[in-house]
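Colleague: I am new to this structure. Please pick a single part, look at it closely, and then follow the links that lead away from it.

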Amino acid sequence: MESRTGREKQRYGDNGERLVAGVVPLNAAKTHVLLIQSTSRSGWVLPKGGWEIDEDCTTAAKREAWEEAGIICDVEYDLGQIQETRTPKQLSKNAPKGLYQFYQVIVTAEENEWPEMKKRNRKWATYKEAASDLKARPELLEALQRSTLQR
């Protein structure tokens, strides 16, 4: 899989929002979700990133999972779109308003080396742990809540 950087091929929605593809990565037993460390703030997030014009959304989601978390995964469910909830004060040129498309995926492999391994740690979490870790990011918490991770 090819790692990508930059936003030259970034897709944008009808209202100018950045289109983002993400995953809720579960273990096969659906007892744990894999979280990654945010690069822009302390805390944990779900793998996600820009959906580019030369790929379909599921391909973008799986690519982001590999780039950010070092995982190979199979898409299980479409969890739907989730609107950005950050306030204008929280947005920036590098983090504009987004429209998220999330997928529930099953992790089939965790690679020892991946593109963002020097920038991000990863950890497996229960639903309760993940819900606590994602509480500052309502759009990510919503994706978690839509998943079939065991409560």
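Modeller: One definition comes before the rest: two strands are said to pair if DSSP finds at least two bridges between them. The model itself is predicted. The part I have picked is strand E1, which covers residues 18-26.

With strand E4, made up of residues 48-50, E1 shares three bridges, and the two run antiparallel. One of the residues to look at here is Val20, whose bridge partner in E4 is Gly50. E1 also pairs with strand E6, residues 98-110, this time in the parallel sense and over nine bridges. On that side, Val24 of E1 stands opposite Gln104 in E6.

Next comes the cover over E1. The strand is mostly covered, with nine of its nine residues buried. Arg18, Val20, Gly22, Val24 and Leu26 point one way from E1. Leu19, Ala21, Val23 and Pro25 point the other way, and the residues of both sets are buried.

Val24 also has a place in the largest nonpolar core, which has 40 residues. Val24 is listed there among the residues with the most contacts inside the core, together with Val33, Leu35, Leu46, Phe102, Leu134 and Leu144. E1 is one of the elements that give two or more residues to this core; the others are E2, strand E3 (44-45), H1, strand E5 (71-83), E6, H2 and H3. The most comes from E6, with seven residues.

Two of the core residues can be followed further. Leu134, with residues up to four places away in sequence not counted, touches Leu35, Trp44, Val45, Leu46, Leu140, Leu141 and Leu144. Phe102 forms an aromatic pair with Tyr100, and the two rings are stacked, at 5.9 Å centre to centre and with 15 degrees between the planes. Tyr100 and Phe102 are both buried. The structure holds one aromatic pair.

Leu134 and Phe102 both lead to Leu140, as each is in contact with Leu140. Val45, Leu46 and Lys48 are in contact with Leu140 too, when its neighbours within four places in sequence are left aside. Leu140 is found in helix H3, residues 138-146. Its relative accessibility is 0%, so Leu140 counts as buried. From here there is a way back to E1: Leu140 and Gly22 lie 118 residues apart in sequence, but their C-alpha atoms are 9.2 Å apart in space.

After E1 the chain goes into the loop between E1 and strand E2 (33-37), and Asn27 has its place in that loop. A polar atom of the Asn27 side chain lies 2.8 Å from the backbone nitrogen of Thr31. Apart from neighbours within four places in sequence, Asn27 is in contact with His32, Ile106 and Trp124.

The charged pairs form a separate topic. Side chains of opposite charge can pair when their charged atoms come close. The structure holds 11 salt bridges. In one of them the side chains of Arg120 and Glu68 meet, 3.4 Å from N to O. This pair links distant parts of the chain, 52 residues apart: Arg120 sits in the loop between E6 and strand E7 (122-125), and Glu68 sits in helix H1 (residues 57-69). Arg120 counts as buried because its relative accessibility is 9%. Glu68 counts as buried as well, at 7% relative accessibility. Arg120 also meets Glu116 in a salt bridge, at 2.6 Å from N to O. Arg120 and Glu116 are both buried.

Another salt bridge joins Lys123 and Asp133, whose closest N and O atoms are 2.8 Å apart. Lys123 lies in strand E7 and Asp133 in helix H2 (residues 127-133), so this pair ties together parts that are 10 residues apart in sequence. Lys123 is partly exposed, with a relative accessible area of 27%, and Asp133 counts as partly exposed at 26% relative accessibility. Finally, Glu55, Arg63, Glu64 and Glu67 are joined into one network by salt bridges that share partners.

Terms used: Residues numbered from 1 in each chain as written. Predicted model: local features only at pLDDT ≥ 70, side-chain atom pairs only at ≥ 80, totals over all residues. Heavy atoms only, no water. Phe/Tyr/Trp six-rings, centres within 6.5 Å; stacked < 30°, edge-to-face > 60°. Buried < 20%, exposed > 50% of the residue type's maximum accessible area, 1.4 Å probe, protein only. Helix = DSSP H or I, 4+ residues; strand = E, 2+ residues; numbered from the N terminus. Contact = heavy atoms within 4.5 Å. Salt bridge = Lys/Arg side-chain N within 4 Å of Asp/Glu carboxyl O. Polar contact = N/O pair within 3.5 Å; in protein donor to acceptor, adjacent residues only side chain to side chain. Core = buried A, V, L, I, M, F, W, Y, C linked by side-chain atoms within 4.5 Å.
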